Amino acid sequence: MKDMFRKNKSSHIWNVLALITASVIWGTAFVSQSTGGDIMGPYSFNCIRSFIATLVLLIVIKVLDMLKLSGKKPETKEEKKLLWIGGILCGTALCIASNLQQVAINMGTETGKAGFLTAIYILIIPILSIFLKKMCSWNVWVGVAIALFGMYLLCAVESWNLKTADLLLIACAFMFAIQILCIDYFAPKVDNVRLSCIQFLTTAVLTIIPMVWFDWGHSFEGFINWSPALTNKSAWGSLLFAAVFSSGIAYTLQIIGQNNFNPTIASMLMSLESVFSVLAGFVFLNQTLSVNELFGCLLIFTAIIFAQLPIAGKKSKANET
């Protein structure tokens with residue numbers, strides 16, 4: 001029993017570390033993603049970075065297979081089918097979520113408001129989990145409430161008049177919640193690196209449509225006008241950083257971190273992206289932090305710790321962490 005406890009505790013720690021590392025990468029990659037998106041166009045940037053991430057992960061898979069380190073390499077037709085279904089579902093949700101967010105921001109939604117509305121996936125996930133018969137303990141619900149208030153202070157939301165762009169962000173948060181729950185279901189069943197690879201392949205292929213329609217103006221002339229972006233060194237620097245680190249590494253860490261881990265707590269850990277983004281601005285760009293922002297960061301960290309405290313007198317369940 002003691003060995004079992006130690007094994008579970010050790011696994012839990014690795015889950016937390018993987019998700020926090022992913023959040024650090026996402027938070028610090030914000031500047032490069034914004035720069036690359038402005039130069040190449042948001043959809044072109046997302047599409048190309050997803051294809052590059054797919055290529056990088058294919059190389060990783062090849063190396064892991066050669067070293068015989070692939071944990072759940074699919075062997076049977078059923079295993080391969082399950083892997084592809086999972087990757088396509090996760091990739092579709094990720095594609096819709098990321099593109100909805102980009103459209104809303106391009107429509108003029110304030111950055112702080114966009115960050116807060118996107119982060120409400122940490123509330124949507126436990127609500128959806130009820131329908132999946134994955135009940136959260138009371139401390140997780142309290143942690144979610146504290147984290148949302150912390151996110152509100154961190155994002156400095158000033159106006160509450162909902163516009164079309166804000167509704168798109170709420171839909172974006174819903175799709176991010178779907179993506180997280182899809183990973184929660186498929187990650188324990190399939191090879192995690194392969195799942196991440198197919199996820200990005202799906203995202204890349206689907207993003208071709210808005211890339212051609214909006215960034216290229218759905219015309220050959222539009223493509224010619226866009227093509228100089230391909231020779232921009234600054235754009236490629238941002239693109240490679242986002243593709244390798246933000247996409248290839250961070251999203252793979254998300255899948256590994258969510259493996260047999262409470263999806264609500266996982267979403268709270270991933271919401272640290274906003275915290276690390278603010279802290280990165282403070283460290284690298286000499287940006288000042290207001291009292292509200294500091295208190296918001298503190299509340300989010302507190303909420304995450306509180307949500308993971310063991311509840312005395314409550315029997316452990318397989319679907320709770």
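**Warm-up: the fold at a glance**

The protein has 14 helices and zero strands, where helices (H or I, at least four residues) and strands (E, at least two) are DSSP runs numbered from the N terminus. This is a predicted model, so local features need pLDDT of at least 70 and side-chain atom pairs count only at pLDDT 80 or more, while totals for chains, interfaces and linings use all residues. Residues are numbered from 1 along each chain as its sequence is written, and side-chain values use heavy atoms, with hydrogens and water left out.

**Exercise 1.** Work out what share of the protein's residues is buried, and what share of its contacts joins residues at least 24 apart.

*Solution.* Start with the cut-offs: buried means under 20% relative accessible area, exposed over 50%, and partly exposed in between (1.4 Å probe, protein chains only). Buried residues then make up 48% of the 321 residues. Next, take a contact as heavy atoms within 4.5 Å. Among contacts between residues at least 6 apart in sequence, 89% join residues at least 24 apart.

**Exercise 2.** Find out how W26 and Y251 are arranged and which parts of the chain they link.

*Solution.* Rings of Phe, Tyr and Trp (its six-membered ring) pair if their centres lie within 6.5 Å; planes under 30 degrees apart are stacked, over 60 edge-to-face, and the rest tilted. Searching the whole structure gives 11 aromatic pairs. One of them is W26 with Y251, at 4.9 Å centre to centre and 55 degrees between the planes, hence tilted. Now place the partners: W26 sits in helix α1 (residues 2–28) and Y251 in helix α11 (residues 233–258), so this pair links distant parts of the chain, 225 residues apart. Last, check the burial: W26 is buried at 7% relative accessible area, and Y251 is buried too, at 14%.

**Exercise 3.** Do the same for W216 and W226, then find the aromatic cluster they belong to.

*Solution.* The W216–W226 pair is tilted as well, with 5.2 Å between centres and 45 degrees between planes. W216 is in the loop between α9 (192–215) and α10 (220–226), and W226 is in helix α10, so the pair ties together parts 10 residues apart in sequence. Both W216 and W226 are buried. Add F220 and F223 to these two tryptophans and you have one aromatic cluster.

**Exercise 4.** Identify the members of the nonpolar surface patch that includes L69, and decide whether L69 is buried or exposed.

*Solution.* Patch residues have over 30% relative accessible area and no salt bridge; like charges are joined within 9 Å, nonpolar side chains (Val, Leu, Ile, Met, Phe, Trp, Tyr) within 5 Å. A salt bridge here is a side-chain nitrogen of Lys or Arg within 4 Å of a carboxyl oxygen of Asp or Glu. The patch consists of L55, L58, I59, V63, M66, L67 and L69, with about 730 Å² of accessible area together, by the Shrake-Rupley method with a 1.4 Å probe and only the protein chains shown as cover for residues. L69 lies in the loop between α3 (42–66) and α4 (77–106), and at 56% relative accessibility L69 is exposed.

**Exercise 5.** List what L201 touches, leaving out residues up to four places away in sequence.

*Solution.* First locate L201: helix α9. L201 is partly exposed, at 29% relative accessible area. With those sequence neighbours left out, L201 touches F51, T54 and W84. Finally, go back to patch member L55: its C-alpha is 8.9 Å from that of L201, though the two are 146 residues apart in sequence.
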